[in-house]
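Dear colleague,

I am passing on to you the structure we spoke about, with the sequence alongside. Please look it over first; my notes follow below.

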Amino acid sequence: METNKKSSFSGSLGFVMAAAASAVGVGNIWRFPYLAAKDGGGLFIIIYIALVFTFGFTLLVTDIAIGRRTGMGALKAFGAMHSKWNFLGKLTFLVPAIIMTYYGIIGGWITKYILVYITGQGTAAAQDGYFTGFITSKVSPIVFLLVFMAITAIIVYFGVEKGIERFSKAIMPVLLVMIIGIALFSLTLSHTDANGVTRTGMQGLAIYLIPNFEGVTFSKFISVVMDAMSQLFFSLSVAMGIMITYGSYVKKDVDLNKSITHIEFFDTLVALLAGMMIIPAVYVFSGTDGMAAGPSLMFISLPKVFGAMGSIGTVIGFVFFVMVAFAALTSCVSIMETLVANCMEMFGASRKKTSLVIAAIYIVLSVIVCMGYSVFYFELTLPNGSVGQLLDVMDYISNSFLMPVIALLTCVLIGWVVKPKWIEEEMEHGGYKFGRKQLYTVIVKYVAPVVLAVLFMQSTGILTYIEKLIG
Ligand code: PHE
């Protein structure tokens, strides 16, 4: 049957670019820098890098090898590995299914800011209340959401090689050039504030890179490690079936070891560059206080920074948001592709039909979530203590709750049920060398399950509860 013909990437480069394009997203550009600022700069960076090449590597290898070996999406792959583990496929499928309800909304916000800078409204965007005013308005965020979703759907509609691969290959180099450009520009900045204090980009760079051990206690250290860990999941797009889907598109003659190293490297490089671009700029114009902005960094603090740069700020702001839009778009594509691929397998339907149905469903769902800031506004305290709206609730369920559970179960399945050898065989297929084999086995069997259990208890508030009981 025509519809069952397996799609694939044209080769190793196409795969690396598409997977890196999925991995590089708002997580790298917005979340990584604010975590680094919050968690002692260089200290966070060192921990993060160490974790990427051990722990992140293990999860990435697992997902990609499962995908290529079974040739299926998550929904069917786990059942094919072990009939009793079919439930894990369903659980994994839930993650992109939930993320897709809100990722397009953030994509819409980014699209809005591109327009802000094209039309020269940068000064307005730098005012207090601009962002909140925008997201709580009734119509405008929905319009931008629809634009973003439509572009995503078109790319997925065209398929793996003609859509996703071609688009990623064109976009990723441009993104890299843009981010290097702005990062270098950031380092040249210098500003004297009203108190006569001059701060420079190079000083900001030092704050970003030099580890700050001030006030680091054991429990603070653990919380930095946990921040790095949850960042890593989100950033590498693991434990949500996306890399399983992309793995299933990789031809058997591709050396997975090399490709995976490239993906890890690319994703980490972009995160580091994003910090180098954002932290010095925020430091120069707002000092260390500005860096405590947290999640509002991208839409509230940065427009202020661009505003303070004068007329060049409009250009930089525009380039910045175009770049973020590229990053978000390719990530959103990978989420939608995972949904489409799994549903095609499930229902034996064609790509074009499935893409249209999924797009229609998610337009409705995203509009509802988007209205969580206006019509359906509420404030809910989440188990981890933060207060959120509908979007945050979705984000919490997928990232803080489901992802650690899925990663934990996947590691147990591989480490103890089907055994690491099953993955090793796939990594060594074609006579290639599985470089970090011993490391992989130890992590997947012992380290990951323990760490993931702690991460789960931390993000669900169980850990705080236990601490209270003991203390
Ligand atoms: N990995 C992407 C990032 O760093 C985010 C993402 C999440 C992509 C979920 C796909 C699915 O932002």
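Please keep in mind that this is a predicted model. To begin with one residue, is Ile135 buried or exposed? Ile135 has a relative accessible area of 8%, and because that is under the 20% cut-off, Ile135 counts as buried. Ile135 belongs to helix 7, which covers residues 130-135, and, once neighbours within four places in sequence are set aside, Ile135 is in contact with Trp109, Pro141 and Tyr373. From Ile135 to Phe185, 50 residues apart along the chain, the separation between C-alpha atoms is 30 Å.

Phe185 also appears in a helix pair, since it is among the helix 9 residues that make the contact with helix 15. Helix 9 (residues 160-188) and helix 15 (residues 311-347) pack with their axes 10 Å apart and at an angle of about 150°, which makes helix 9 roughly antiparallel to helix 15. The crossing of helix 9 and helix 15 is left-handed. On the side of helix 9 the contact includes Val160, Ile171 and Ile182, and on the side of helix 15 it includes Ile312, Phe326 and Glu337; by class, the contact has 20 nonpolar, two polar and one charged residues.

Lastly, Ser237 is found in the loop between helix 11 (218-236) and helix 12 (242-248). Ser237 is buried, with a relative accessible area of 5%, and, not counting residues up to four places away in sequence, Ser237 touches Ser22, Ala23, Ile242 and Met243.

With best wishes

Notes. Residues numbered from 1 in each chain as written. Predicted model: local features only at pLDDT ≥ 70, side-chain atom pairs only at ≥ 80, totals over all residues. Heavy atoms only, no water. Helix = DSSP H or I, 4+ residues; strand = E, 2+ residues; numbered from the N terminus. Buried < 20%, exposed > 50% of the residue type's maximum accessible area, 1.4 Å probe, protein only. Contact = heavy atoms within 4.5 Å. Axes fitted to C-alpha atoms, helices over the stretch in contact; angles between N-to-C directions. Parallel < 35°, antiparallel > 145°, perpendicular 65-115°, else oblique. Left-handed = near helix turned anticlockwise from the far one by under 90°. Nonpolar A, V, L, I, M, F, W, Y, C, P; charged D, E, K, R; others polar.
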